[in-house]
Amino acid sequence: MPGIIEVWILNLTQNKLKYFFRIFSFDQKMKSWRNGRDVNSLPILVGETDFEIEIYPNGINKKGRGHVSVYLVNKSDWAVNVEMEVKVGKKEVSGTCDIASGWCKGWDKLYGHDDLGKDNDAMDADGSLAVSATISLMWGEVTEGRNNSEKAEVEGLRSEVEDLKIKIESRLDRLDKSLTAKFKALEVSSKKTSLPGPECPICFEEMKPPTRIIQCRSGHLVCQNCKERPQVVICPTCKQEFIGRAIGMENYLRTILG
């Protein structure tokens, strides 16, 4: 992936995404690269199909010399039909086509070098080129191997979901019984607000109402503010994943603390 310095991907639907990227020193590549030399994008997954975008700064072949060529490559093992829209500065093109496995389709003369050099929306001051591509997967060929693989994958996922459901229900049941026992054992004081609330193990603040509380698979608690931090992905106490709001605990604290 030589020359690509920034990439953004926006998933619009399951079978449609928008791909943005910038190519460093593209003005120099147009001048010095031979035709047929390309810059490849990162792998792009649309639905179950793998794609790759190829940008040729000086054309894909002699016919495209002096132009920027853009092609979409089908990296999967089946044929597909796609709709692709490409925007480079003020230049926009689109089309719908069938692409066999391992083949590519695109535009050999997307943008002439002279016109591109005059397009301030396409090139940065440092000569970097901004490109956006919207790829919509219309249909994909169903092969025997792919169909069997999908069935096996679905069955495997169904089994995992059922196992996970049983584990969650069991843990929730134990947690509910534990909370009920604690509630019955606690003598509610008339000065509810004087009772301490549970402490978040991350920020060490008491989790009193109306604080929202998140629980992990083992029943450990953290406050929602800490859970929403990008670096907090697992329980700091037991390293298990979080399973959602601790509604029972929130109601319990609301009862005893007000």
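Which side chain does the side chain of S76 make a polar contact with? It's N74, at 2.6 Å. Keep in mind that this is a predicted model.

## Around S76

Let's start with where S76 sits. You'll find S76 in the loop that runs between β6 (67–74) and β7 (80–88). Even though S76 is in a loop, its relative accessible area is just 5%. Buried means under 20%, so S76 counts as buried.

Who else is around? If you skip the neighbours within four places in sequence, S76 touches T49, D50, S101 and G102. Add to that the polar contact between the side chains of S76 and N74, and you have a fair picture of this spot.

## Aromatic pairs

Search the whole structure and two aromatic pairs turn up. One of them is Y56 with Y71, an edge-to-face pair. The ring centres are 6.3 Å apart, and the planes meet at 90 degrees. This pair ties together distant parts of the chain: Y56 belongs to strand β5 (residues 49–56) and Y71 to strand β6, with their positions 15 residues apart. As for exposure, Y56 and Y71 are both buried.

## Charges over rings

There are also spots where a charged side chain meets an aromatic ring. Take a look at R37, which lies over the face of W33, 3.8 Å from the ring centre.

Then there's K91: its charged end sits over the ring of Y111, at 5.8 Å from the centre of that ring.

Terms used
Residues numbered from 1 in each chain as written. Predicted model: local features only at pLDDT ≥ 70, side-chain atom pairs only at ≥ 80, totals over all residues. Heavy atoms only, no water. Helix = DSSP H or I, 4+ residues; strand = E, 2+ residues; numbered from the N terminus. Buried < 20%, exposed > 50% of the residue type's maximum accessible area, 1.4 Å probe, protein only. Polar contact = N/O pair within 3.5 Å; in protein donor to acceptor, adjacent residues only side chain to side chain. Contact = heavy atoms within 4.5 Å. Phe/Tyr/Trp six-rings, centres within 6.5 Å; stacked < 30°, edge-to-face > 60°. Lys NZ or Arg CZ within 6 Å of the ring centre and 35° of its normal.
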